[in-house]
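The following questions ask how labels on a model are justified. Each answer sets a value against its cut-off.

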Amino acid sequence: MSELRELYQEVILDHNKNPRNFRKIEPCSHHANGHNPLCGDKLELFLNIVDDVIKDIAFVGSGCAISTSSASLMTQFLKGKSVAETRKYFDSFHDLVTGKTLNDRELEELGKLAIFAGVQEFPARVKCASLSWHTLINALNSADASAQTE
Ligand code: ZN
């Protein structure tokens with residue numbers, strides 16, 4: 001577990017300092033705003049979905065290291081994935097950060113995202129880590145929506 005914790009800190013620091021896909025996509029096919037009032041995290045998510053595949057995904061916003069790095073890793077992870085796969089990954093990621101047990105296949109599928117298992121120990125941080133994912137689901141469900149973690 002301590003190895004995972006070190007990796008967790010390393011990856012979060014890296015993606016916070018240098019977030020990937022940190023830009024707007026204009027025009028885009030799907031878009032949503034997310035806000036976590038408990039921490040003050042805000043982000044805006046943009047997607048271009050063609051034939052049910054995420055061709056491009058990016059975000060802008062400001063927040064704590066965990067919310068920024070989670071959004072950064074999520075955009076890297078989801079590019080090229082289908083919408084159906086993405087909804088499945090949302091469920092796995094949600095289970096992961098809320099401390100539910102994932103099977104080996106689910107963990108393997110999440111790849112680098114598995115490091116966010118580290119937030120289980122910090123309940124207030126679960127909302128930071130999952131904000132980008134909740135915003136994503138809202139974007140998929142409607143072309144223009146606002147997500148709240150509450
Ligand atoms: Zn936060």
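Q: What makes D41 count as buried or exposed?
A: Buried means under 20% relative accessible area, exposed over 50%, and partly exposed in between, with a 1.4 Å probe and protein chains only. D41 has 0% relative accessibility, so D41 counts as buried. The model is predicted: local features need pLDDT of at least 70, side-chain atom pairs count only at pLDDT 80 or more, and totals for chains, interfaces and linings use all residues. Residues are numbered from 1 along each chain as its sequence is written, and side-chain values use heavy atoms, with hydrogens and water left out.

Q: Why is C39 called buried, exposed or partly exposed?
A: The relative accessibility of C39 is 34%, so C39 counts as partly exposed.

Q: Which residues are called donors to the zinc ion?
A: Donors are N, O and S atoms within 2.8 Å of the metal (3.2 Å for Na, K and Ca); water is not among the atoms, so sites may look incomplete. The zinc ion is coordinated at 2.2 to 2.6 Å by SG of C39, C64 and C128 and, listed twice, OD of D41. Along the sequence, the spacing of these donor residues is C-x1-D-x22-C-x63-C.

Q: How do you know that β1 and β2 pair, and in which sense?
A: Strands (E, at least two residues) and helices (H or I, at least four) are DSSP runs, numbered from the N terminus. Two strands pair if DSSP finds at least two bridges between them. Strand β1 (residues 30-36) and strand β2 (residues 41-50) have seven bridges and pair in the antiparallel sense. H31 stands opposite F46 in β2. The hairpin of β1 and β2 has four residues between the strands, and there G40 takes a positive phi near 90 degrees.

Q: How many bridges join β2 to β3?
A: Nine bridges join β2 to strand β3 (residues 53-62), and the two run antiparallel. V50 has V53 in β3 as its bridge partner. Two residues lie between the strands in this hairpin.

Q: What is notable about the phi of D51?
A: Most residues other than glycine have a negative phi. Phi of D51 is near 50 degrees, a positive value in a residue other than glycine. D51 is in the loop between β2 and β3 and is exposed, because its relative accessible area is 76%.

Q: Where does N21 lie, and why is N21 called buried or exposed?
A: N21 lies in the loop between α1 and β1. Its relative accessibility is 16%, so N21 counts as buried. N21 also has a positive phi, of about 55 degrees, although it is not a glycine.

Q: What makes the peptide bond from E26 to P27 cis or trans?
A: Omega is near 0 degrees, and the bond is cis. P27 is found in the loop between α1 (2-17) and β1.

Q: Which residues make the contact of α2 with α5?
A: Helix α2 (residues 65-78) and helix α5 (residues 123-141) pack with their axes 8 Å apart. Contact means heavy atoms within 4.5 Å. Among the residues that make the contact are I66, M74 and F77 of α2 and C128, W133 and L136 of α5.

Q: Why is P123 called buried or exposed?
A: P123 has 63% relative accessibility, so P123 counts as exposed. P123 lies in helix α5. From C-alpha to C-alpha, P123 and G99 are 9.8 Å apart in space, and they are 24 residues apart in sequence.

How values were computed
Axes fitted to C-alpha atoms, helices over the stretch in contact; angles between N-to-C directions.
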